[in-house]
Amino acid sequence: MFKYFLFDLDGTLTDPFEGITNSIVYALGKFGITVDDKKDLIDFIGPPLVDSFGKFYGFDSEKSVKAVEYYREYFSVKGIYENSVYEDVVLVLSKLKSDGKILVLATSKPEEYAVRILEKFDLGKYFDFVAGATMDNTRSYKADVIAYAIESCGIEDKTEALMIGDRKYDVEGAKINGLKSAGVTYGYGSRAELVSSSADYILDSPLEILNIK
C-alpha cells in the first residue's frame, strides 16, 4: 500500500525518557530550578524544546534559547546515549527494508544527534534518508521536517507515503503535507491525543506497522 515510510524517532523507534529528562533537569538547574519528579517532564518529548521551555516554565525567547544550549551540553555528551530501542522495532525495519520499502527518518531532534543515535543502535542501515531539525532552529517543527524529507526524497505521489509517530505533532505535520499518518500508542502520546488529531491508523505495537505495509 505504501512505498515510503517516514518514522519519528523519540517515542516511536526508541524510548528517550532518561536522556531527555536528565538533560532538561540539567538545563533547568542552570536557572536554579529543581525537578522533583522527572515524569513531570514527559510533555517535553515531541515538540521543539525552545517552545516547551516557554510553555512549561514561562521562559521568554532569549531564555528558552539559552536553556536549549544548556540542554545540549548534557545531551550531546551523555543524554544521547541514555536511550533504548523499543521491542520489535528492528524486526519491523528489517522486514520493511527486505520488502523494498523506502525508509525515512523524520524527527524534530537535531539531525546530527539523530544520526548518532541510529549509529549507536545500528539502525542507520535501514534508512535511505535522515531528515531532522537544524541546530539553529531554522527547521524545527515537524511539518517542516516532513516537507524537507518529501522534497529531499523526491516523493511525488504523496499517497505512497505514510508518517508514523507517537504525538499529535507527527499526525498534524503529516496532514499539513498531504500524507496519511499512523499514531503509535506505545510512545508518549495518548490514544486520545492521536484520535483527536485524526490519525489515519492507531497502532498499539511496532509489529502492527507490518499490517499496513
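Which backbone nitrogen does a side-chain oxygen of aspartate 60 reach at the start of H3? In this predicted model, where residues are numbered from 1 along each chain as its sequence is written, local features need pLDDT of at least 70 and side-chain atom pairs count only at pLDDT 80 or more, while totals for chains, interfaces and linings use all residues. Side-chain values use heavy atoms, with hydrogens and water left out. The partner is glutamate 62, whose backbone nitrogen lies within 3.3 Å of the aspartate 60 oxygen; a polar contact is a pair of N or O atoms within 3.5 Å, one able to donate a hydrogen and the other to accept it within protein, and residues adjacent in sequence count only if both atoms are side-chain atoms.

Helix H3 covers residues 61–75 and spans 21 Å from its first C-alpha to its last, close to the 21 Å expected (1.5 Å times one less than its number of residues). Helices (H or I, at least four residues) and strands (E, at least two) are DSSP runs, numbered from the N terminus. Among the buried residues of H3 are Ser64, Arg72 and Phe75, where buried means under 20% relative accessible area, with exposed over 50% and partly exposed in between (1.4 Å probe, protein chains only). Their cover includes helix H1 (17–29), helix H2 (49–57), S4 and H5. Helix H1 also holds threonine 21, which counts as buried because its relative accessibility is 0%. Beyond its neighbours within four places in sequence, threonine 21 is in contact (heavy atoms within 4.5 Å) with Lys38 and Leu41.

Now to the sheet. Six parallel strands make up an open sheet ordered S5-S4-S1-S6-S7-S8, two strands being paired if DSSP finds at least two bridges between them. Strands S5 (129–133) and S8 (201–203) are at the edges with a single partner strand each, so one side of each has no neighbour in the sheet. Strand S4 (residues 102–110) is joined to S5 by four bridges, and leucine 105 stands opposite valine 130 in S5. Helix H5 (residues 111–120) packs on the sheet, where it touches S4 and S5.

Leucine 105 appears again in the largest nonpolar core, of 49 residues, among those with the most contacts inside it, as does Phe127. Such a core is a set of buried Ala, Val, Leu, Ile, Met, Phe, Trp, Tyr and Cys residues joined through side-chain atoms within 4.5 Å. Outside its neighbours within four places in sequence, phenylalanine 127 is in contact with residues including Phe7, Leu93, Leu105 and Leu118. A second, separate core of 14 residues includes Ala131 and Ile150.

Definitions and conventions:
Axes fitted to C-alpha atoms, helices over the stretch in contact; angles between N-to-C directions.
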